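Subject: Structure handover

Hi,

Here is the structure I promised to pass on. Please open it first, then read my notes below.

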Amino acid sequence: MLPTLSGYVAGTALQLMQPALWSGAAYGMSLAAGTSLVMAVSWLLRGLPRWVHLSGQFVAVVALAFGLVGLRAVAFQAHKLLPILEGRDLHVTGVVETMPQQGAHGLRFQFRVESALADGVPVLVPKRIQLSWYGTDADRAGAYGGAVA
């Protein structure tokens with residue numbers, strides 16, 4: 001059990017320390033290598049000393065964790081805002097998916113984007129974003145043209 005847990009922590013830490021993400025195929029190969037090692041440790045190394053079996057198990061789980069965490073990061077990166085759009089005002093049209101939540105500095109809510117424009121030009125943005133509205137109740141009342149409860 002200890003080699004499995006420490007291998008998972010080591011594989012996760014190894015991937016998180018990468019300066020840049022690799023391609024999804026590279027992480028998929030890590031998963032395949034880890035799976036192959038698990039099978040090798042389970043079947044081929046049965047007669048060898050215990051330390052060889054535990055070392056193989058550790059290495060296999062490192063490869064599996066590295067691949068899983070890397071693939072998850074690649075999947076999340078595919079849904080991020082393009083760096084060129086960061087800090088710019090965008091006009092987004094869509095549907096509010098959750099009730100607004102009051103925070104210390106304003107409101108926030110989940111928003112499903114149907115279209116987005118930057119300076120009148122259509123741009124690609126993630127399909128689901130979290131929007132925030134900072135300000136006081138008086139600011140929001142002015143924008144709505146009435147009182148905010």
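How much area does the chain expose, and what share of it do carbon and sulfur atoms supply? The exposed area is about 10,300 Å². Carbon and sulfur atoms account for 67% of that area. Please keep in mind that this is a predicted model.

**Overall layout**

The chain has 149 residues, and 23% of them count as buried. Its secondary structure consists of four helices and five strands. The order along the sequence is α-α-α-β-β-β-β-β-α. I also looked at contacts between residues at least 6 apart in sequence. Of these, 56% join residues at least 24 apart.

**Helix α1**

Start with α1, which covers residues 2-16. Does its length agree with what a helix should span, or disagree? The 15 residues, at 1.5 Å each, should span 21 Å. The C-alpha atoms at the two ends are 21 Å apart, so the expected span and the model agree.

The buried residues of this helix are P3, G7, G11, T12 and Q15. Viewed down the axis of α1, they fall within an arc of 160 degrees, so they line one face of the helix. That buried set packs against two other helices, α2 (24-44) and α3 (50-77). Turn the helix to the face away from the buried side and you will find L2, V9 and L16, which are exposed.

**Two neighbours in α2**

Helix α2 contains M29 and also S30. Which of them is buried, and which is exposed? S30 is buried, because its relative accessible area is 12% and the cut-off for buried is under 20%. M29 counts as exposed, because its relative accessibility is 59% and the cut-off for exposed is over 50%.

What does S30 touch, leaving aside neighbours within four places in sequence? Its contacts are A63, L64, F66 and G67. L64 also comes up for M29: their C-alpha atoms are separated by 9.6 Å. Along the chain, M29 and L64 are 35 residues apart.

**The nonpolar core**

Which residues make up the largest nonpolar core? There are eight: L85, F109, F111, V113, A116, A118, V125 and I129. Strand β3 (residues 106-118) gives the largest share of this core, with five residues.

L85 is a good place to centre your view. Setting aside residues up to four places away in sequence, L85 touches L90, A118, V123, L124 and V125. Two of the residues it touches, A118 and V125, are listed in the core as well.

**Salt bridges**

Side chains of opposite charge can pair when their charged atoms come close. How many salt bridges does a search of the whole structure find? It finds three.

One joins R88 and D119, with the closest N and O atoms 2.7 Å apart. R88 sits in the loop between α3 and β1 (91-96), and D119 in the loop between β3 and β4 (121-122), so this pair ties together parts that are 31 residues apart in sequence. R88 is partly exposed, at 35% relative accessible area. D119 is exposed, at 69%.

Another pairs E97 with R112, at 3.7 Å from N to O. E97 lies in the loop between β1 and β2 (101-102), whereas R112 is in strand β3, so the pair ties together parts that are 15 residues apart in sequence. E97 is partly exposed, with a relative accessible area of 36%. R112 is partly exposed too, with 37%.

R128 also forms a salt bridge with E97, at 2.7 Å from N to O. R128 belongs to strand β5 (residues 128-134) and E97 to the loop between β1 and β2, so this pair ties together parts that are 31 residues apart in sequence. Through shared partners, salt bridges join E97, R112 and R128 into one network.

**Where to look**

For a quick tour, begin with the buried residues of α1, among them G7 and G11. Move on to S30 and its contacts, including F66. Then go to the core around L85. Finish at E97, where the network with R112 and R128 can be seen.

Best wishes

Conventions. Residues numbered from 1 in each chain as written. Predicted model: local features only at pLDDT ≥ 70, side-chain atom pairs only at ≥ 80, totals over all residues. Heavy atoms only, no water. Expected span 1.5 Å × (residues − 1). Buried < 20%, exposed > 50% of the residue type's maximum accessible area, 1.4 Å probe, protein only. Arc of directions from axis to C-beta. Contact = heavy atoms within 4.5 Å. Core = buried A, V, L, I, M, F, W, Y, C linked by side-chain atoms within 4.5 Å. Salt bridge = Lys/Arg side-chain N within 4 Å of Asp/Glu carboxyl O. Areas by Shrake-Rupley, 256 points an atom, 1.4 Å probe, with all protein chains shown as cover.
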